[in-house]
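Reader: I've got a model open and I'd like to learn how to read it properly. Could you walk me through the features, starting with the strands?

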Amino acid sequence: QTTNGMLFRCDLCKMYHLSFGQFYLELTKDELKHFKTFLHQIDPEHWYENYQRCALKRKIPIPTLQCNLFITLHHTELEELKHLLAFDTYKGESMVAAMDIDYTIMLN
């Protein structure tokens, strides 16, 4: 889990569930592997140069199967998403501080 996202694997359906910002993906193990590879191949500087005159805050596009629908990210969101998906290299360091999680704690 990070400040903006969460990744978990469901033992029942054997799928990975990725929630990040306003998007949600269900991925097989292979799809997750390919998505991680794709994210690491993105050159944020290229997109910031291409869209420098564009009013969009998030300028890094991630295509979807629907040709006119893109997920767009800011460069800090891209880095956070890559960090979230780096679970196979996780060494036990804290990915997110408890205070960064937007969650209401009920003290009963």
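Author: Let's start with one facing pair: L18 stands opposite L25 in β3. Strands here are DSSP E runs of at least two residues, helices are H or I runs of at least four, and both are numbered from the N terminus. Before going on, note that this is a predicted model, where local features need pLDDT of at least 70, side-chain atom pairs count only at pLDDT 80 or more, and totals for chains, interfaces and linings use all residues. Residues are numbered from 1 along each chain as its sequence is written, and side-chain values use heavy atoms, with hydrogens and water left out.

Reader: How many bridges join β2 to β3, and which way do they run?

Author: The general idea is that strands of a sheet pair through backbone hydrogen bonds, either parallel or antiparallel. For a pair to count, DSSP has to find at least two bridges between the strands. In this case 5 bridges join β2 to β3, and the two run antiparallel.

Reader: In what order do the strands of that open sheet come?

Author: The order is β1-β2-β3, with antiparallel pairing. β1 (5–9) and β3 are the edge strands, each pairing on one side only. From one strand to the next, the twist averages 10°.

Reader: What packs on this sheet?

Author: Two helices do. Helix α1 touches β2 and β3, and its direction makes about 125° with that of β3. Helix α3 touches β1, β2 and β3, and its direction makes about 155° with that of β2. Touching means contact, that is, heavy atoms within 4.5 Å. The angles run from 0 to 180 degrees between N-to-C directions, with axes fitted as lines to C-alpha atoms, for helices over the stretch in contact.

Reader: And how do I read the packing of α1 and α3 against each other?

Author: Two packed helices are described by the angle between their axes and the distance between the axes. Here α1 and α3 pack at about 145°, their axes 10 Å apart. On the α1 side you'll find F35, L39 and H40, which meet L78, L81 and K82 in α3. By class, that contact has 4 nonpolar, 1 polar and 1 charged residues. Nonpolar covers Ala, Val, Leu, Ile, Met, Phe, Trp, Tyr, Cys and Pro; charged covers Asp, Glu, Lys and Arg; the others, Gly among them, are polar.

Reader: Which residues have the most contacts inside the largest nonpolar core?

Author: A nonpolar core is a set of buried Ala, Val, Leu, Ile, Met, Phe, Trp, Tyr and Cys residues joined through side-chain atoms within 4.5 Å. This one has 18 residues, and L18, F35, L39, L73, L81 and L85 have the most contacts inside it. The elements giving two or more residues are β2 (16–20), β3 (23–27), α1 (29–41), β4 (60–63), β5 (70–73) and α3 (75–84). Take L39: leaving aside neighbours within four places in sequence, L39 is in contact with I62, L78, L81, K82 and L85.

Reader: Is L25 buried, exposed or partly exposed?

Author: Buried means under 20% relative accessible area, exposed over 50%, and partly exposed in between, using a 1.4 Å probe and protein chains only. At 22%, L25 is partly exposed. Not counting residues up to four places away in sequence, L25 touches Y16, H17, L18 and F35. For contrast, E49 sits in helix α2 (residues 44–50) and is exposed, with a relative accessible area of 57%. Across the protein, buried residues make up 27% of the 108 residues.

Reader: What about β5, where do the side chains point?

Author: They alternate: I71 and L73 point to one face and are buried, while F70 and T72 point to the other and are not. β5 pairs with β4 in the antiparallel sense over 4 bridges, and a hairpin joins the two through 6 residues. Within that pairing, I60 stands opposite L73 and the bridge partner of I62 is I71.

Reader: So what's the overall pattern along the sequence?

Author: Read along the sequence, you get β-β-β-α-α-β-β-α, which comes to 3 helices and 5 strands.
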